Amino acid sequence: MSIKGFFSNWIVRNILLAIAIVLVLAFSAHLLLKVFTKHNQEIPVPDFINMSVDEASRAAQKAGMTIDVVDSVYVRRMAKGAIYSQNPPAGNMVKEGRRISLTINAVNSKKVTMPNLVGYSLRQAKAELQSRGLQIGRLIYTPDIATNNVIAQLYRNRDIVPGKKIESESPIDLVLGLNEQDNVTYIPLLTGMKFNAAKDAIHNSSLNVRKIVFDRSVKDYTDSLNAVVYRQEPDTTNVPAIMGTEVSIYLTADKNRVPKNDSKK
């Protein structure tokens with residue numbers, strides 16, 4: 001049978017027509033699937049951290065997403081109502097229309113009760129403040145028989161009575177005893193430490209934080225928490241320092257700025 005005769009056969013023509021219809025339907029279904037499910041079409045999640053909810057809503061709409069505020073925390077050093085965290089994180093690839101869950105910094109500050117720290121050691125006072133959601137401010141030393149014994153507690157340069165309600169994360173200054181026979185400490189090596197760990201190390205050594213300087217790589221609150229110390233003044237030394245000495249720390253989010261020999265994991 002010739003080729004012309006083969007294709008003129010009605011059975012062959014019907015089979016070819018059926019194959020063509022199946023191919024068209026399969027292609028149409030694949031095309032519709034891509035249109036309605038955005039198959040293999042993903043877009044990056046914007047960075048909403050530190051934005052207001054209105055700003056985040058506009059940014060999400062522009063990116064083809066929606067936002068949903070699901071929780072709140074209270075962070076004293078962060079703007080009230082600002083986005084604290086997001087899920088999925090910025091940079092993740094998602095399909096258009098994805099809902100992004102947000103946690104914001106509470107508009108109304110959280111109140112906590114001031115404890116009675118008088119008579120506590122510095123270590124005990126620090127632990128009690130942290131358990132109440134407060135933090136150590138300045139260590140003010142005054143002559144006394146017992147070194148690092150809490151003599152008074154201050155809030156905004158005034159005595160604060162136990163039981164008073166104050167904002168969470170407020171710094172509390174401690175007036176501490178200092179015996180002249182026991183009044184020296186050593187400046188710790190802070191290079192490579194994260195922000196909060198460095199502050200803890202300074203206070204644990206009976207020292208004060210004089211100045212905190214972030215470089216340009218630290219752009220928001222989250223960056224500040226993850227930033228590490230690349231320089232300190234004065235530097236660590238084997239020479240004793242008087243308790244209450246002030247230490248300045250310089251922090252960066254760029255790990256390449258941290259001296260390799262001194263960095264800590």
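User: Is F195 buried or exposed?

Analyst: F195 counts as buried, at 6% relative accessibility. Keep in mind that this is a predicted model.

User: Which element is F195 in, and which one is F214 in?

Analyst: F195 lies in helix α5, residues 195-204, and F214 lies in strand β13. The two residues form an aromatic pair, so parts 19 residues apart in sequence are tied together.

User: How are the rings of F195 and F214 arranged?

Analyst: Edge-to-face: the ring centres are 5.4 Å apart and the planes stand at 70 degrees. Planes over 60 degrees apart are classed that way.

User: What about the accessibility of F214?

Analyst: F214 is partly exposed, with a relative accessible area of 32%.

User: How many aromatic pairs are there in the whole structure?

Analyst: The search finds 1 aromatic pair.

User: Switching to charges. How many salt bridges?

Analyst: The count comes to 6 salt bridges.

User: Which residue does E246 form a salt bridge with?

Analyst: R210, with the closest N and O atoms 3.9 Å apart. The cut-off for a salt bridge is within 4 Å. The pair links distant parts of the chain, since E246 sits in strand β16 (residues 246-252) and R210 in strand β13 (residues 208-214), 36 residues apart.

User: Are E246 and R210 buried or exposed?

Analyst: E246 counts as partly exposed at 33% relative accessibility. R210 counts as exposed at 58%.

User: Which residues are linked with R210 in a network?

Analyst: R138 and E246 are linked with R210 in a network of salt bridges.

User: Which residue does D215 meet in a salt bridge?

Analyst: The side chain of D215 meets that of R257, at 3.1 Å from N to O. D215 is in the loop between β13 and α6 (221-226) and R257 is in the segment after β16, so this salt bridge ties together parts 42 residues apart in sequence. D215 is buried, with a relative accessible area of 13%, whereas R257 is partly exposed, with 40%.

User: What is the N to O distance for E233 and R231?

Analyst: Their side chains meet in a salt bridge at 2.5 Å. E233 is partly exposed, with a relative accessible area of 34%, and R231 counts as partly exposed at 35%.

User: On to the hydrophobic side. Which residues of the largest nonpolar core touch the most other members?

Analyst: M114, I166, I172 and L174. That core has 19 residues.

User: Which elements supply at least two residues of this core each?

Analyst: Helix α4 (122-131) does, along with strands β7 (135-143), β8 (150-155) and β11 (171-178). The largest share, 4 residues, comes from β11.

User: What does I166 touch?

Analyst: Leaving out residues up to four places away in sequence, I166 touches K110, K111, V112, M114, L134, Y155, I160 and I172.

User: And the second core, how many residues?

Analyst: That separate core has 16 residues, including L190, V209, I249 and L251.

User: What is the strand order in the open sheet of 4 strands?

Analyst: The order is β7-β11-β8-β9, with mixed pairing. β7 and β9 (158-159) are at the edges with a single partner strand each, so one side of each has no neighbour in the sheet.

User: How many bridges join β8 to β9?

Analyst: 2 bridges, and the strands run antiparallel. One bridge partner is D159 in β9, which is matched with L154.

User: Which strands does α4 touch when it packs on the sheet?

Analyst: α4 touches β7, β8 and β11. The direction of α4 makes about 155 degrees with that of β7.

User: Where is Q124, and how far is it from V150?

Analyst: Q124 lies in helix α4 and counts as partly exposed at 38% relative accessibility. Q124 and V150 are 26 residues apart in sequence, and their C-alpha atoms are 9.5 Å apart in space.

User: Last, the whole chain. How many helices and strands?

Analyst: The protein chain has 6 helices and 16 strands. Of its 265 residues, 37% count as buried. Among contacts between residues at least 6 apart in sequence, 72% join residues at least 24 apart.

Note on methods
Residues numbered from 1 in each chain as written. Predicted model: local features only at pLDDT ≥ 70, side-chain atom pairs only at ≥ 80, totals over all residues. Heavy atoms only, no water. Core = buried A, V, L, I, M, F, W, Y, C linked by side-chain atoms within 4.5 Å. Buried < 20%, exposed > 50% of the residue type's maximum accessible area, 1.4 Å probe, protein only. Contact = heavy atoms within 4.5 Å. Pairing = 2+ DSSP bridges. Axes fitted to C-alpha atoms, helices over the stretch in contact; angles between N-to-C directions. Phe/Tyr/Trp six-rings, centres within 6.5 Å; stacked < 30°, edge-to-face > 60°.
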